[in-house]
Amino acid sequence: MIIKIGQMLINKKLITSEQLEAALQEQAKTGELLGVILVKKGFLSEEDFLKVLSEQFNVPFIKLKETAIDPSAIKKVPAKFAWYYKVMPVKFMDNKLVIASSDPLRSLDDLRIFLGYDLKPALASEAEIMEAIKEHYGVGAETVEGIIAKAPKETREQEAPKETGKIEDIEKLAEDASVVKLVNQIILEAYQKRATDIHIEPFRGKMNIRYRIDGVLYNANVPADIERFFLAIISRIKIMSRLNIVERRLPQDGRTVIKIGQEELDLRISIIPTRYGEGMVIRILPMSMLFSLERLGLVPEDLEILAKLIKKPHGIILVTGPTGSGKSTTLYGCLNDIKSSKNKIITIEDPIEYELEGIIQIQVLPEIGFTFAQGLRSILRHDPDIMMVGEIRDFETAELAIRSALTGHLVFSTLHTNDAAGAVARLLNIGIEPYLVASSVEAFIAQRLVRLICPECKEIDTAVPDNIRTIISQDIAKSNTGLKHLRAAEIKFYKGRGCKDCNFTGYKGRTAIHEILVVDKAIRELMLKKASTDELRDKAVSQGMKTLRLCGWKKVIDGLTTPEEILRVTQAEE
């Protein structure tokens with residue numbers, strides 16, 4: 001039978017005789033299925049192999065991603081059976097159940113006895129089967145079923161326990177292997193979907209789990225019965241992060257480190273008391289990341305400008321933008337690019353988001369009086385060459401940072417302002433004298449994150465409204481850049497159609513758009529005159545600065561994102 005399969009693959013010119021021989025030799029050593037070996041070695045795709053199996057065994061091959069799943073079929077097969085046998089129910093009609101499997105030789109007799117239905121097999125890839133199980137049953141569905149079957153009484157508790165004994169029961173349940181597995185599945189699913197945060201939210205008689213992906217929240221696909229384990233899930237995560245599982249009246253913050261594959265993840269846990277229980281948010285941060293200027297999404301001209309700025313011997317470089325706009329990532333990229341054995345770099349942060357090798361990183365602790373300002377004073381006595389202050393929040397921190405720059409240090413920090421020019425007004429408003437700002441700041445960098453078009457379902461967008469083309473034309477005409485003579489009518493627009501890879505949003509991944517205001521002689525003169533934000537912006541634009549909106553249009557022209565996404569994250573140019 002095995003040789004016949006191999007010969008069929010050769011006859012169809014899917015593999016060569018040499019490849020078949022190599023696979024058979026490995027099969028003799030490992031005992032693995034021939035198809036598994038051929039796919040693993042990259043000799044042919046799993047889909048091609050399954051199509052040949054389909055022909056040989058006269059079993060239909062289906063692509064689950066393109067197949068409508070019958071809800072009544074799902075109800076006929078418990079999640080634990082689907083996971084154990086790695087099968088997906090597809091259709092139920094006339095007491096016959098169509099079951100998708102990746103192995104035509106797998107016996108379905110046990111499943112037929114358990115279910116009591118006549119089973120009709122179909123072939124599908126194992127990856128698509130497991131993805132379909134998660135999509136239609138929910139993450140951890142088989143674990144939830146197992147816990148309910150094993151300990152139904154403990155899992156019916158809906159209200160917060162009021163007796164010590166019940167609290168102990170919840171703690172015991174939180175340590176149960178099944179609950180541990182359920183929490184691990186939730187975190188793993190979030191990681192695999194590229195989520196940056198997990199939101200666990202209690203409501204009357206139910207709970208929500210949501211993942212933040214590319215800056216947008218999506219409901220996690222979990223089984224309905226998971227709300228019965230709300231207390232156990234919260235308690236398990238509290239135990240992981242060494243928090244007080246009995247305390248439910250006060251906010252708590254904690255952290256823990258987990259490992260998925262070869263990657264270590266830092267989980268930051270935030271808990272707040274709500275009317276129906278404790279709400280929890282888990283921030284997922286890689287312990288280490290590859291930071292570089294090239295990965296920041298800068299257009300070539302801006303990359304050249306920033307590369308020159310960070311090599312200056314002294315001065316301040318301020319990155320501005322709202323929370324979640326990627327300011328810290330930009331600062332880490334700058335520091336990673338200039339670190340060397342010849343300079344000492346110290347950061348003071350709240351919190352330390354990523355670990356950077358070769359750089360001293362300090363965590364502020366306001367509860368014991370260790371603030372940014374206090375930390376900055378200590379840093380100055382530690383002989384640094386370059387410093388990073390996580391955020392300038394007050395006059396004291398701003399003044400210390402500026403005086404550090406004036407005494408020969410290169411300082412990086414962040415401000416919360418809408419654009420680069422607005423950062424000048426922000427510094428003046430907190431009490432810094434104009435001459436100090438003008439003589440110390442080298443550049444203001446504003447940035448936002450925009451979603452990228454999903455490469456799997458990217459297509460030309462022929463329905464861009466005329467008013468958007470008009471806006472783009474007007475913004476480009478007002479600029480003093482290489483785009484000035486480009487007409488919007490000549491631009492080819494793209495969009496994402498929406499697919500499973502991008503959660504049917506049309507977007508997958510993010511990049512940054514930037515606005516770099518370099519403080520030159522003309523800008524300094526305007527600062528000393530206390531010029532308005534509009535005057536500073538107009539002068540910078542006339543000298544070639546690309547605004548956030550214009551940088552966004554450049555990403556649209558390059559086919560990376562959509563006009564709607566740029567309009568969502570930037571304000572109109574006045």
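The following legends describe close-up views of a predicted model. Local features require pLDDT of at least 70 and side-chain atom pairs count only at pLDDT 80 or more, whereas totals for chains, interfaces and linings use all residues. Residues are numbered from 1 along each chain as its sequence is written, and side-chain values use heavy atoms, with hydrogens and water left out.

**View 1. The seven-stranded open sheet with mixed pairing.** The strand order is 12-11-13-14-10-15-18; helices (H or I, at least four residues) and strands (E, at least two) are DSSP runs numbered from the N terminus. Two strands are taken to pair if DSSP finds at least two bridges between them. Strand 12 (360–363) and strand 18 (507–518) each have a single partner strand and stand at the edges, so one side of each is left without a neighbour in the sheet. With direction ignored, neighbouring strands of this sheet are turned by 20° against each other on average. Within the sheet, strand 11 (residues 345–349) and strand 13 (residues 386–389) pair in the parallel sense over four bridges. Isoleucine 348 has valine 389 in strand 13 as its bridge partner.

**View 2. Helices 17 and 22 on the seven-stranded sheet.** Helix 17 (residues 422–429) packs on the sheet and touches strand 10 (315–320), strand 14 (410–415) and strand 15 (441–453); contact means heavy atoms within 4.5 Å. The direction of helix 17 makes about 125° with that of strand 15. Axes are lines fitted to C-alpha atoms, for helices over the stretch in contact, and angles run from 0 to 180 degrees between N-to-C directions. Helix 22 also packs on this sheet, where it touches strand 15 and strand 18. The direction of helix 22 makes about 140° with that of strand 18.

**View 3. The crossing of helix 19 and helix 22.** The axes of helix 19 (residues 466–478) and helix 22 (residues 548–557) come within 10 Å and cross at roughly 120°. Helix 19 and helix 22 are therefore oblique to each other; angles under 35 degrees count as roughly parallel, over 145 as roughly antiparallel, 65 to 115 as roughly perpendicular and the rest as oblique. The crossing is left-handed, a term for a near helix turned anticlockwise from the far one by less than a right angle, with clockwise giving right-handed. From helix 19, Ile471, Ile472, Asp475 and Ile476 meet Arg549, Leu550, Trp553 and Ile557 of helix 22. By class, this contact comprises six nonpolar, no polar and two charged residues. Ala, Val, Leu, Ile, Met, Phe, Trp, Tyr, Cys and Pro count as nonpolar, Asp, Glu, Lys and Arg as charged, and the others, Gly among them, as polar.

**View 4. The contact of helix 20 with helix 21.** Helix 20 (residues 521–528) and helix 21 (residues 533–542) have axes that come within 10 Å and cross at roughly 170°. That angle makes helix 20 roughly antiparallel to helix 21. Ala522, Ile523, Leu526 and Met527 in helix 20 meet Glu535, Leu536, Lys539 and Ala540 in helix 21. The residues of this contact divide into six nonpolar, no polar and two charged.

**View 5. The six-stranded open sheet with antiparallel pairing.** Its strands follow the order 6-5-4-9-8-7, and the edge strands, strand 6 and strand 7 (252–260), each pair on one side only. The twist averages 25° from one strand to the next. Strand 4 (residues 197–203) and strand 9 (residues 277–286) pair in the antiparallel sense over four bridges, with isoleucine 198 opposite isoleucine 282 in strand 9. Helix 11 (residues 177–192) packs on the sheet, touching strand 4, strand 5, strand 7, strand 8 (263–274) and strand 9. The direction of helix 11 makes about 30° with that of strand 5.

**View 6. The hairpin of strand 5 and strand 6.** Strand 5 (residues 206–213) and strand 6 (residues 216–219) pair in the antiparallel sense over four bridges. Arginine 210 stands opposite asparagine 219 in strand 6. Two residues lie between the strands of the hairpin, in which aspartate 214 takes a positive phi near 55°.

**View 7. The cis peptide bond between aspartate 350 and proline 351.** Omega is about -5° at this bond. Proline 351 lies in the loop between strand 11 and strand 12. Most peptide bonds are trans.
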